[in-house]
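This report goes through one protein model for a reader who has not met it before. The sequence and the structure come first, and the description follows.

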Amino acid sequence: ERLVASDLNPAKSPGPPADFCDLPWADRTFDAVCFDPPYKLNGTPSEPDEPYGVDVPARWQDRMDLIRRGVVECARVTGGWLLVKCMDQVVSGRVRWQGRVVAGACESAGLRVVDELLMLTDPRPQPGGRRQVHARRNYSTLVVAGR
């Protein structure tokens, strides 16, 4: 058994640095792949953003496309299971359903979604000056897909 962990940034990578949209491994190299993409879609930059790769502002559409491409590439290198962490979020007054996007990307890559696990996170207060119009999203989702 072997664990291979990587990050795009060589200074942070515990193993060989790798771009999750262009992984250096052959098809179906691993029995399981865990993918924790930079899934924050918007909001005011905050202190913990840099370690998660979301310190550079990006349009929510571009971040969602990046996640889709990463899911497809991670599906390519797994011969078994793909676990993807994501989070439904409100952007521009609408809910952006990342769990659905991830599930769709898994299925388009030939995987079958077998479960979604909800993981509670610490609730954040509503930003000042904004009215709340959607339910709080104080959970992340782990999408479990396999061959």
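The largest nonpolar core of this predicted model has 22 residues, and the members that touch the most others are Val71, Leu82, Val102 and Cys106. Five elements each supply at least two residues of this core: strand S1, helix H1 (60-77), strand S2, helix H2 (98-108) and strand S6. H1 gives the most, with 5 residues.

Valine 102 can serve as an example of how parts of the chain meet in this region. Leaving aside neighbours within four places in sequence, valine 102 is in contact with Ile67, Val71, Val84, Cys86 and Val143.

**The two helices**

How do H1 and H2 lie against each other, by distance and by angle? Their axes come within 9 Å and cross at roughly 35°. The crossing of H1 and H2 is right-handed. On the H1 side the contact is made by Met64, Ile67, Arg68, Val71 and Val72. On the H2 side it is made by Gln98, Val101, Val102, Ala105, Cys106 and Ser108. Val71 and Val102 thus appear in this contact and also among the core members that touch the most others.

**The sheet**

The model has an open sheet of 4 strands in the order S1-S2-S6-S5, and its pairing is mixed. S1 and strand S5 (112-120) stand at the edges; each has a single partner strand, so one side of each is left without a neighbour in the sheet. On average, neighbouring strands of this sheet are turned by 15° against each other when direction is ignored.

Strands of a sheet pair through backbone hydrogen bonds, in either a parallel or an antiparallel sense. Strand S1 (residues 30-35) runs parallel to strand S2 (residues 78-86), and 5 bridges join them. In this pairing, cysteine 34 stands opposite leucine 83 in S2. S2 also pairs with strand S6 (residues 139-146), here in the antiparallel sense and over 6 bridges. Two of the residue pairs between S2 and S6 can be named. Leucine 82 has alanine 145 in S6 as its bridge partner, and cysteine 86 has threonine 141 in S6. Leucine 82 is also one of the core residues that touch the most other members, while cysteine 86 is one of the contacts of valine 102.

Helix H1 packs on the sheet and touches S1 and S2. The direction of H1 makes about 155° with that of S2.

**Salt bridges**

The structure holds 4 salt bridges. The table lists some of them, including the distance between the closest N and O atoms.

| Acidic residue | Basic residue | Closest N and O atoms |
|---|---|---|
| Aspartate 27 | Arginine 76 | 2.7 Å |
| Glutamate 73 | Arginine 76 | 2.8 Å |
| Aspartate 62 | Arginine 59 | 3.1 Å |

The salt bridge of arginine 76 with aspartate 27 links distant parts of the chain: arginine 76 is in helix H1 and aspartate 27 is in the segment before S1, 49 residues apart. The other partner of arginine 76 in the table is glutamate 73. Glutamate 73 and arginine 76 both lie in H1, 3 residues apart, which is about one turn of the helix. Salt bridges that share partners join Asp27, Glu73 and Arg76 into one network.

Which members of this network are buried, partly exposed or exposed? Glutamate 73 has a relative accessibility of 11% and therefore counts as buried, the limit being under 20%. Arginine 76 is partly exposed, with a relative accessible area of 24%. Aspartate 27 is exposed, with a relative accessible area of 55%.

In the pair of aspartate 62 and arginine 59, aspartate 62 is partly exposed at a relative accessible area of 40%. Arginine 59 also counts as partly exposed, at 48% relative accessibility.

**A buried residue in a loop**

Is aspartate 49, in the loop between S1 and H1, buried or exposed? At 6% relative accessibility, aspartate 49 counts as buried. The C-alpha atoms of aspartate 49 and valine 101 are separated by 22 Å, and the two residues are 52 residues apart along the chain. Valine 101 is one of the H2 residues that make the contact with H1.

Definitions and conventions
Residues are numbered from 1 along each chain as its sequence is written. This is a predicted model: local features need pLDDT of at least 70, side-chain atom pairs count only at pLDDT 80 or more; totals for chains, interfaces and linings use all residues. Side-chain values use heavy atoms; hydrogens and water are left out. Two strands pair if DSSP finds at least two bridges between them. A nonpolar core is a set of buried Ala, Val, Leu, Ile, Met, Phe, Trp, Tyr and Cys residues joined through side-chain atoms within 4.5 Å. Buried means under 20% relative accessible area, exposed over 50%, partly exposed in between (1.4 Å probe, protein chains only). Contact means heavy atoms within 4.5 Å. A salt bridge is a side-chain nitrogen of Lys or Arg within 4 Å of a carboxyl oxygen of Asp or Glu. Axes are lines fitted to C-alpha atoms, for helices over the stretch in contact, and angles run from 0 to 180 degrees between N-to-C directions. A crossing is left-handed if the near helix is turned anticlockwise from the far one by less than a right angle, and right-handed if clockwise.
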